[in-house]
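Trainee: I've got a new model open and I'm not sure how to read it. Could we go through it together, one question at a time?

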Amino acid sequence: MTQDTPTPQTNAWLQRLNNWKMPIIVGGGFLGAAIGAVAARLFIRSDEIALEHDRQRGPQGIGFSPSLLIPMAITLIGLIREIGGLAGNKSEK
């Protein structure tokens with residue numbers, strides 16, 4: 001054998017060194033699935049807690065504050081004016 005020809009032992013070592021991608025991809029996939037499952041469980045549990053708090057609090061009804069009523073009143077006035085304007089714009093044939 002010449003010096004340029006790699007020995008079978010060195011070739012096998014280089015082949016294992018080059019095959020590092022697949023274990024990292026598989027390990028990353030399992031790690032991502034585990035993190036996703038834990039996150040989903042935490043989300044479901046927090047949603048159950050929020051629903052239980054809402055059930056215990058009971059119905060609250062709709063609260064009208066001035067900051068809500070003023071824009072609603074302006075919109076309602078504008079809508080009434082638009083409807084009234086439609087009746088006056090009839091064209092005669």
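Trainee: Which residues form the nonpolar patch on the surface?

Mentor: Keep in mind that this is a predicted model. Together, the residues of the patch have about 520 Å² of accessible area. The patch is made up of Ile62, Phe64, Leu68, Leu69 and Met72.

Trainee: Let's pick Ile62. Where does Ile62 lie, and is Ile62 buried or exposed?

Mentor: Ile62 sits in the loop between α2 (21-57) and α3 (66-88). Its relative accessible area is 71%, and exposed means over 50%. So Ile62 counts as exposed.

Trainee: How confident is the predictor, and which element has the highest mean pLDDT?

Mentor: For the protein chain as a whole, the mean pLDDT is 81, and 81% of its residues reach 70 or more. Among the elements, helix α1 (residues 8-18) has the lowest mean, 68. The highest mean pLDDT, 90, belongs to α2.

Trainee: What pattern does the protein chain follow along the sequence?

Mentor: Start with the secondary structure: there are three helices and zero strands. Read along the sequence, that gives α-α-α.

Trainee: How far apart are the end C-alpha atoms of α2?

Mentor: α2 has 37 residues, and at 1.5 Å a residue they should span 54 Å. The model agrees with that, because the end C-alpha atoms are indeed separated by 54 Å.

Trainee: And what about α3: how many of its 23 residues are buried?

Mentor: α3 reaches 33 Å from its first C-alpha to its last, close to the 33 Å expected for it. As for cover, a residue needs under 20% relative accessible area to be buried. α3 is hardly covered, and its count of buried residues is zero.

Trainee: What percentage of the residues in the whole protein chain count as buried?

Mentor: The protein chain exposes about 9,000 Å², and carbon and sulfur atoms supply 65% of that area. Of its 93 residues, the share that counts as buried is 0%.

Trainee: How many salt bridges does the structure hold?

Mentor: Side chains of opposite charge can pair when their charged atoms come close. One such pair is Glu52 and Arg55, whose side chains meet at 2.8 Å, N to O. Arg57 and Asp54 also meet in a salt bridge, again at 2.8 Å, N to O. The total for the structure is two.

Trainee: Why are Glu52 and Arg55 separated by about one helical turn?

Mentor: Both residues belong to helix α2. They are about one turn from each other because their positions in the sequence are three residues apart.

Trainee: In that pair, which residue is exposed, with a relative accessible area of 58%?

Mentor: Glu52 has a relative accessible area of 35%, so it is partly exposed. Exposed takes over 50%, and the residue at 58% is Arg55.

Trainee: And in the other pair, which residue counts as exposed at 55% relative accessibility?

Mentor: This pair also lies in helix α2, three residues apart, about one turn of the helix. Asp54 has a relative accessible area of 40%, so it is partly exposed. The residue that counts as exposed, at 55%, is Arg57.

Trainee: Last one: which residue with a positive phi follows α2?

Mentor: Look just past the end of the helix, where phi is near 85°. That residue is Gly58.

Key. Residues are numbered from 1 along each chain as its sequence is written. This is a predicted model: local features need pLDDT of at least 70, side-chain atom pairs count only at pLDDT 80 or more; totals for chains, interfaces and linings use all residues. Side-chain values use heavy atoms; hydrogens and water are left out. Patches are made of residues with over 30% relative accessible area and no salt bridge: like charges are joined within 9 Å, nonpolar side chains (Val, Leu, Ile, Met, Phe, Trp, Tyr) within 5 Å. Accessible areas come from the Shrake-Rupley method with a 1.4 Å probe; for residues, only the protein chains shown count as cover. A salt bridge is a side-chain nitrogen of Lys or Arg within 4 Å of a carboxyl oxygen of Asp or Glu. Helices (H or I, at least four residues) and strands (E, at least two) are DSSP runs, numbered from the N terminus. Buried means under 20% relative accessible area, exposed over 50%, partly exposed in between (1.4 Å probe, protein chains only). pLDDT is the predictor's confidence in each residue, from 0 to 100. The expected span of a helix is 1.5 Å times one less than its number of residues.
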